[in-house]
Amino acid sequence: MSDVPTESEVRWRQLQELLLGHLNAAVIPAWPGADSLTLEEVLFAYPPAAAAGRVPGYEQLLAERPDLERQLIAFFTAARMRRQ
């Protein structure tokens with residue numbers, strides 16, 4: 001087994017870093033019990049923050065990082081499905 005991450009894993013990590021960077025820079029109040037939230041829970045707070053104009057939205061992220069297009073589409077699709 002190789003410890004070298006796949007391209008998909010590298011892209012997912014880049015997407016996580018991009019979204020978390022925007023969330024950390026935004027003026028968003030801390031969530032109650034934030035220290036016990038999973039990374040997935042924090043990341044899924046991104047779409048509502050984008051809808052509120054607190055972080056760059058989907059279109060801007062695609063413009064900034066076309067290399068992450070597939071991961072962004074998958075992430076925002078999963079986020080929409082999760083809210084339904």
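I began with the surface: the chain exposes about 5,800 Å², with carbon and sulfur atoms supplying 55% of it, where accessible areas come from the Shrake-Rupley method with a 1.4 Å probe. I note that this is a predicted model, in which local features need pLDDT of at least 70 and side-chain atom pairs count only at pLDDT 80 or more, while totals for chains, interfaces and linings use all residues. Residues are numbered from 1 along each chain as its sequence is written, and side-chain values use heavy atoms, with hydrogens and water left out.

Next I looked up the secondary structure, and found five helices and zero strands, taken as DSSP runs (H or I of at least four residues for helices, E of at least two for strands) numbered from the N terminus.

I then turned to the interior, where buried residues (under 20% relative accessible area, 1.4 Å probe, protein chains only) make up 29% of the 84 residues in the chain. The largest nonpolar core, a set of buried Ala, Val, Leu, Ile, Met, Phe, Trp, Tyr and Cys residues joined through side-chain atoms within 4.5 Å, has 19 residues, and L19, Y46, V55, L61, L72 and F75 have the most contacts inside it. The elements giving two or more residues to this core are α1 (7-25), α2 (39-43), α3 (46-51), α4 (58-64) and α5 (69-83).

I followed L72 further: leaving aside neighbours within four places in sequence, L72 is in contact (heavy atoms within 4.5 Å) with L15, Y58, L61, L62 and R65. For the chain, I recorded that residues 24 or more positions apart account for 65% of the contacts with a separation of 6 or more.

Note on methods: Buried means under 20% relative accessible area, exposed over 50%, partly exposed in between (1.4 Å probe, protein chains only).
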